[in-house]
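Work through the following exercises with the sequence and the coordinates side by side. Each task is followed by a solution that goes step by step.

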Amino acid sequence: MTTDPDLKNDIADAEIITIGIGFPDMRWAITMWGSERRNPDSEGMNEAIREFCLTYDTLLAEVISLADPTAIIQIMDVYFPYVRSHEERGIYESTKQDWARFNECIWASGRKYGISVAQVHEAFNGPLGDDDPAEKGYLDFWGKHSSEEGMQVIAEQFQSLGYERLVR
């Protein structure tokens, strides 16, 4: 973002900015989930989450610094698409804990900057985080990205936040 002048201009000109992240932003954690029954409190996972938190907070600070003071900025937490497959592999409880920690980074940055967070994780994964969004029809054919129905749910979560301006 810091090296793309077009993106910087788009942010500066935007009236409403919504921010969501994806798996590439959690790349180190994903490789660890593939390992056999790893320790959920491993230093590698802790470092991956620390790195994500720092990067996410830096990203949000940069967007805020570039945005017009009257822009509406909203962020979303992240759904977990692999509930059943991770249950079948016996790693879901640890990945569920990791996922909660990633989402807590997003929520902490939102609180820090006074930005509302769309509750996409709860909408997709339920209040306990155990619902499989694929079973709800919220994922595409490959079971990773949002389907049309899933995108509608995400849009509704953003819409439920309202359109209050960030006071800076």
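Two strands are taken to pair if DSSP finds at least two bridges between them. The model examined here is a predicted one.

**Exercise 1.** Establish how β2 is joined to β3 and to β1, and derive the strand order of the sheet.

*Solution.* Begin with β2, residues 72–76, which is joined to β3 by 3 bridges, the two strands running parallel. Within this pairing, Q74 stands opposite S116 of β3, and M76 has A118 of β3 as its bridge partner. Turn next to the other pairing, in which β1 and β2 are linked in the parallel sense over 4 bridges, with I72 of β2 as the bridge partner of I16. Both counts satisfy the requirement of at least two bridges. The result is an open sheet of 3 strands in the order β1-β2-β3, with parallel pairing. Because β1 (16–19) and β3 (116–118) stand at the edges with a single partner strand each, one side of each is left without a neighbour in the sheet. Neighbouring strands of this sheet are turned against each other by 30° on average, direction ignored.

**Exercise 2.** Determine which helices lie on this sheet, and at what angles they run to β1 and β2.

*Solution.* Take helix α3 (residues 43–66), which lies across β1 and β2 and runs at about 170° to β1. Helix α7 (residues 148–159) also packs on the sheet, where it touches β1, β2 and β3, and its direction makes about 130° with that of β2.

**Exercise 3.** Decide whether the two faces of β2 are covered or open, residue by residue.

*Solution.* In a regular strand the side chains alternate between the two faces of the sheet, so the residues of a strand can be sorted into two sets. For β2, one side carries I72, Q74 and M76, the other I73 and I75, and all of these are buried, so that both faces are covered. The tally for the strand agrees, since 5 of its 5 residues are buried.

**Exercise 4.** Locate P81, classify it as buried or exposed, and relate its position to that of Y138.

*Solution.* P81 is found in the loop between β2 and α4 (83–89). Its relative accessibility is 5%, and because buried means under 20%, P81 counts as buried. Finally, P81 and Y138 are 57 residues apart in sequence, while their C-alpha atoms are 9.1 Å apart in space.

Methods
Residues numbered from 1 in each chain as written. Predicted model: local features only at pLDDT ≥ 70, side-chain atom pairs only at ≥ 80, totals over all residues. Heavy atoms only, no water. Axes fitted to C-alpha atoms, helices over the stretch in contact; angles between N-to-C directions. Contact = heavy atoms within 4.5 Å. Buried < 20%, exposed > 50% of the residue type's maximum accessible area, 1.4 Å probe, protein only.
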